[in-house]
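Let's take a walk through this structure together. Keep the sequence and the 3D view side by side as you read.

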Amino acid sequence: MLIDGQNRENLVLGALQESLFDESGNASTVAEADFLLSGVFSGGTVRFDDLMDYYGTTLYFNVFSTTEDGLDLLTHHGNELRYQVVAGDIEKSIDLSAAVPDAVRKTAVTVTVASEYAGKAVYVTDEERSSLLKERVAAGEEVSSDLYIWNAEAGEEPLSFTINSPASAGKYYAYLAAPEEGIAYLVREAEIGYETETASFTFEKEQPKVINVTATYLEGTEEPYTETPLHNKEVYLIAADRWQEVRDHVDDDKGNPEPGTFVQRATLMNGSASFGVFCTEGSQEYVVYVPKWNTDYYDSYEFREVTVDALTQDYAVDIKALFTPPGSGGDVGITKTVDFTVKVDAYPAGWRAMGAAFIVPDPENLMAVYNYAVSGYNPPDVPFAKSDDLTYTPVPLSVTLSVDINTAKEVTVFIYCMKGFMEEFAPLVKRISGSEITGNTYEVTLDEIGEIN
């Protein structure tokens, strides 16, 4: 065995069964009695004539200088020689002038999880694998070991482990799977670099966002109205992307929202009710739906939209609308002039306008106005507003029309349309509860083909 090709004095080569160094490059203290084999350098060389007793095993060789006080280590974790013993005449060398390489550093990681989430799975991963792991956890699927650095089951005490500190700083993520009903996962992040000795992720008990609903009848024939809180009345919280499905059901079938189509149901007591929902990232959109507003049927309703985000804890949804009981003729609401801005950003695929935009403020007159829009003849002697012909107007388009409305009545906005080359005819339509129109201006975007009935 050669040592940098030079003749050095007072040097000894010692062989051990394990490395003298840990992953951080720190050396253990040894004496000559600890060596499996040793030899003194002569002319920069040590020769072992027979190592067959160690055949197939790995020996770790280091160079020391001998002093009166013992051994002075000259090698380091970068030039320690590792040699798996094989048959034959083998020559190895150690370069004592080799620079000390960077040691492997360790980062101690702690994950603290609220006791309420004991038993839930925790995963720690790096930025590169985070997106795919999140998809698996969000879908409730099994997470394969190649997607995480470490995982464990949360318990009453903090979890801890160590990782090799990365050469370059980067983001690391801890995921807590399905901590609460309604939460697919919670995620925390930390930046870890070569100099990072400790990193921590903390999952506290998640608190739901609170949607506080107040609902009030406005009673009377003119302002000031008498305000009466709704009492012992149903109220539903519905995800915005399910609202049209629910609305079609209650409008067409007069039935209550079916289980699975709403998020929560509560009862208004003295005009108040609350919903609790979780939102840990981004935002979530909901509709608050109060049925049986004027009658005992679910298709007599008021609704309001609410957007919940991860930062705000409390949300107020205030619903005030005229109480128009059966037999009132539907004319108890406020009559006012409203400027409607009607927009079309894009027609549904294959459709285009075949005429003007119409606004009909009374559903009793809707069919008469629609027949006029279809035929172009005999305009009915009823209130409505009509734009110029939009047949050749490119989208996006916007027109403004003024019309008198009563807030107790539904307002319908539509454009008669054709699909393809006279394949199908139907309106681009939207219906608006008059109680939603709280000022003297209102913007409506038409984007769905529907029916007039």
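The paragraphs below go from the core to the backbone and then to the surface.

Please bear in mind that this is a predicted model. A good place to begin is the largest nonpolar core, which has 26 residues. Within this core, Phe 340, Ile 359, Ile 415 and Leu 446 touch the most other members. At least two core residues come from each of strands E23 (335-344), E24 (351-360), E26 (397-406), E27 (410-419) and E28 (424-433). E26 gives the most, with five residues. To see the packing, centre your view on Ile 359: beyond its neighbours within four places in sequence, its contacts include Phe 340, Phe 384, Leu 401, Val 403 and Val 411.

From here, look at the loop between strand E25 (385-386) and E26, where Pro 396 sits. The peptide bond leading into Pro 396 from Val 395 is cis, with omega near 0 degrees.

Two other loops hold residues with positive phi that are not glycines. Lys 254, with phi of about 60 degrees, lies between helix H2 (240-253) and strand E18 (264-268). Asn 270, with phi near 50 degrees, lies between E18 and strand E19 (272-277). Lys 254 counts as partly exposed because its relative accessibility is 41%, whereas Asn 270, at 59%, is exposed.

What about the cysteines? Cys 279 is buried at 2% relative accessibility, and Cys 417 is buried at 0%. The whole structure has zero disulfides.

Finally, turn to the surface, where Met 52, Tyr 55, Val 86 and Ile 90 form a nonpolar patch. Together they have about 370 Å² of accessible area. Tyr 55 belongs to the loop between strand E3 (37-40) and strand E4 (58-67).

Methods. Residues are numbered from 1 along each chain as its sequence is written. This is a predicted model: local features need pLDDT of at least 70, side-chain atom pairs count only at pLDDT 80 or more; totals for chains, interfaces and linings use all residues. Side-chain values use heavy atoms; hydrogens and water are left out. Patches are made of residues with over 30% relative accessible area and no salt bridge: like charges are joined within 9 Å, nonpolar side chains (Val, Leu, Ile, Met, Phe, Trp, Tyr) within 5 Å. Accessible areas come from the Shrake-Rupley method with a 1.4 Å probe; for residues, only the protein chains shown count as cover. A salt bridge is a side-chain nitrogen of Lys or Arg within 4 Å of a carboxyl oxygen of Asp or Glu. Helices (H or I, at least four residues) and strands (E, at least two) are DSSP runs, numbered from the N terminus. A disulfide is a pair of cysteine sulfur atoms within 2.5 Å. Buried means under 20% relative accessible area, exposed over 50%, partly exposed in between (1.4 Å probe, protein chains only). A nonpolar core is a set of buried Ala, Val, Leu, Ile, Met, Phe, Trp, Tyr and Cys residues joined through side-chain atoms within 4.5 Å. Contact means heavy atoms within 4.5 Å.
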